[in-house]
Amino acid sequence: MKAILLIGLGRFGRHIAQKLNELNHQVMVVDRVESRVNAVLPFVTNAQIGDSTDEEFLSSLGVRNFDVCIVAIGDNFQSSLETASLLKELGAKKVVARAARDVQAKFLLRNGADEVVYPEKQMAVWTAIRYSSDHISDYISLGDDQAIFEVSVPDSWAGKTIGQLDVRKRYHVNILAIKENGKLSMTVIKPETCLPEHSTFLVLGTLRDVQKCFHI
């Protein structure tokens, strides 16, 4: 369990608050709009209404006590930048900030943010890859052009073993897990593991290698 400070409760911030609650983390949320704060009260440990660009107010939150501070402000980049900078000045252990463009990310990283997330950009990439193929049903980017893909088992592969297919050597793709009826199989993937019909599996590789391997 981690103690997390979440600043900014637009749609993105609300989704983060709800997910952190599901993961059983302790969450304090901050927003200057009372209605936004009230909307997430069932999902958080504590909440404050206030201006995160006010150093005195931010200092009163005890930012040093949080494992992670997330700046999810999306409608005012100046406020986001000032908040990230103040958090770091006040001794925040880790500051993660939202950015919409590369230039914003550069300013944030130079002025307090330890890491930057691009929710719109990341979702756009996911949507493009997911819905431009009939075979990829999910996608998780790992950076450096590597990703984990959930791919339908080709009909010609069903009933064959991982060793027989030898996709790691032939296509530089690693099969990580098998998913049947929406549930991950707990079977450890071995060369003798057989691929069942009408299932999907999780594979690790570059998009280019995955496309080549599965003729996507």
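**Two domains, two pockets and a sheet**

Reader: Between which two parts of the chain does the largest pocket lie, and why?

Author: Both domains (bounds from an automatic or database domain assignment) give residues to the lining of the largest pocket, so the pocket lies between them. This is a predicted model, in which local features need pLDDT of at least 70 and side-chain atom pairs count only at pLDDT 80 or more, while totals for chains, interfaces and linings use all residues. Residues are numbered from 1 along each chain as its sequence is written, and side-chain values use heavy atoms, with hydrogens and water left out. The two parts asked for are domain 1 (3-117) and domain 2 (123-214).

Reader: How far apart are the C-alpha centres of domain 1 and domain 2?

Author: The chain is divided into domain 1, which covers 3-117, and domain 2, which covers 123-214. Taking the C-alpha centre of each of these domains, the separation comes to 36 Å.

Reader: Which residues are the closest to the centre of the largest pocket?

Author: The largest pocket (an open set of 1 Å grid points where a 1.4 Å probe fits, with protein on both sides within 12 Å along at least five of seven lines) has a volume, the space filled by probe spheres set on the points, of about 540 Å³. It is lined by 15 residues (an atom within 4 Å of a point), and the closest to its centre are V117, Y118, P119, Q122 and M123.

Reader: Which element supplies the largest share of that lining?

Author: Three elements (DSSP runs, helices of at least four residues and strands of at least two) each supply at least two residues of the lining of the largest pocket, namely α1 (11-22), α6 (119-131) and β7 (136-143). The largest share, 6 residues, comes from α6.

Reader: Where is the centre of the second largest pocket, judged by its closest residues?

Author: The second largest pocket holds about 440 Å³ of space. Its lining has 24 residues, and α1, β2 (26-31) and α6 are the elements that give two or more of them, with α1 giving the largest share, 3 residues. The closest residues to the centre of this second largest pocket are G10, R36, I73, G74 and D75.

Reader: Which strands stand at the edges of the open sheet?

Author: The open sheet is formed by 6 strands in the order β3-β2-β1-β4-β5-β6, and the pairing (at least two DSSP bridges) is parallel. Two strands have a single partner strand each, so one side of each is left without a neighbour in the sheet. These edge strands are β3 (46-49) and β6 (115-117).
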